[in-house]
Amino acid sequence: MDENGLKSVAMLLQARGEIEARIADIVGRPLAHGHLSDWIAAQVFDIELEPGGGHAVDGWFRSGPLAGRTVNIKHYTRHEGLLDMVDSDELEHYLVMTGPRTAARPGTHRPWSIDHVYLFDAFELSEALRAYMRRIGVATSVRAEHWHAAEVFPRAAHAGYRLSRVQAAALEGFASAPAR
């Protein structure tokens, strides 16, 4: 038995628990992956979150060019070209935050970060994917050109949405390799 390793892991998990409790106090929700990313997106993109969550619609934009539009918020620790999609007439947009594009080696740590943000029109994306016989659902494979056109951070490629300097600066704080 690795007693020193067990003691170290126990101490680190205790410290982690204290940090997670502090974050949960700030965001006002249990610190689960989805709750944290939803809260960050709500702050940066001025989204009113749906109480309770767990639905196709996580909330709606309160201001800007998408004011009043519904959104499903996703966060992935790596950008692997996959998107968990839902079939809903109520859903209008996907806001997808990802970590780096590089592939993680099996067994390596995937740090929580936001290196890229994408904004998809849910209906247009579903129609485009169905046009070339893609299955819509969990881990839907989305072609690189769709990701490219939907990017709003750090590259402003999306034709209908631009981040303010304040929004971009807020997102930069979550990057896996902070800007210098």
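Visitor: In which loop does P154 lie?
Guide: In this predicted model, the strand β8 covers residues 151-153 and the helix α5 covers residues 165-172. P154 falls outside both of these elements, and its place is the loop between β8 and α5.

Visitor: Is P154 buried or exposed?
Guide: The relative accessible area of P154 is 54%, and a residue is called exposed when this value is over 50%. Because its value passes that cut-off, P154 counts as exposed.

Visitor: Which residue does a cis peptide bond join to P154?
Guide: The bond in question has an omega of about 0°, and P154 itself sits in the loop between β8 and α5. The partner that the cis peptide bond joins to P154 is F153.

Visitor: Which residues does P154 touch, not counting residues up to four places away in sequence?
Guide: A contact here asks for heavy atoms within 4.5 Å, and residues up to four places away from P154 in sequence are set aside. With that condition in place, P154 touches D115 and H116.

Visitor: How many helices and strands does the protein have, and in what order do they run?
Guide: Read from the N terminus on, the elements run α-α-β-β-β-β-β-β-α-β-α-β-α. Taken as totals, the protein has five helices and eight strands.

Visitor: Why can the protein be described as compact as a globular protein of its length?
Guide: For 180 residues, the globule rule gives a radius of gyration of 16 Å. The protein is as compact as a globular protein of that length because its own radius is close to that value, at 18 Å.

Visitor: What does the C-alpha trace of the protein span along its principal axes?
Guide: The span refers to the C-alpha trace of the protein, taken along its principal axes. Given axis by axis, the values are about 55 × 35 × 35 Å.

Visitor: What percentage of the residues in the protein is buried?
Guide: A residue is called buried when its relative accessible area is under 20%, and the share is taken over the 180 residues in the protein. Buried residues make up 39%.

Visitor: Which element gives the largest share of the largest nonpolar core?
Guide: The largest nonpolar core has 24 residues, and those with the most contacts inside it are F45, I47, L95, V117 and L171. The elements that give two or more residues to this core are α2 (33-45), β1 (47-49), β3 (70-76), β5 (93-98), β6 (116-121), β8 and α5. The largest share, six residues, comes from α2.

Visitor: How many residues does the second, separate core have?
Guide: This second core is separate from the largest one, and among its members are M85, Y94, L125 and A150. Its total is 16 residues.

Visitor: Is F45 buried or exposed?
Guide: F45 has its place in helix α2, and, leaving aside neighbours within four places in sequence, F45 is in contact with F61, L95, V117, Y161, L163, Q167 and L171. Its relative accessible area is 3%, while the cut-off for a buried residue is under 20%. On that basis F45 is buried.

Visitor: How far apart in space are F45 and P154, C-alpha to C-alpha?
Guide: F45 belongs to helix α2, whereas P154 lies in the loop between β8 and α5. In sequence F45 and P154 are 109 residues apart, and in space, C-alpha to C-alpha, they are separated by 14 Å.

Visitor: What is the phi of D46, a residue other than glycine?
Guide: D46 is found in the loop between α2 and β1, and with a relative accessible area of 25% it is partly exposed. Its phi is positive, with a value near 55°.

Visitor: In which loop does A139, another residue with a positive phi, lie?
Guide: A139 is not a glycine, yet its phi is about 55°, and its relative accessible area of 34% makes it partly exposed. The neighbouring elements are a helix of residues 122-131 and a strand of residues 140-141, so that the place of A139 is the loop between α3 and β7.

Visitor: What distance separates the C-alpha atoms of G5 and V142?
Guide: G5 has its place in helix α1, residues 3-27, and is partly exposed, with a relative accessible area of 22%. Along the chain G5 and V142 are 137 residues apart, and their C-alpha atoms are separated by 41 Å.

Technical notes
Residues are numbered from 1 along each chain as its sequence is written. This is a predicted model: local features need pLDDT of at least 70, side-chain atom pairs count only at pLDDT 80 or more; totals for chains, interfaces and linings use all residues. Side-chain values use heavy atoms; hydrogens and water are left out. Helices (H or I, at least four residues) and strands (E, at least two) are DSSP runs, numbered from the N terminus. The radius of gyration is taken over C-alpha atoms; the globule rule is 2.2 Å times the number of residues to the power 0.38. Buried means under 20% relative accessible area, exposed over 50%, partly exposed in between (1.4 Å probe, protein chains only). A nonpolar core is a set of buried Ala, Val, Leu, Ile, Met, Phe, Trp, Tyr and Cys residues joined through side-chain atoms within 4.5 Å.
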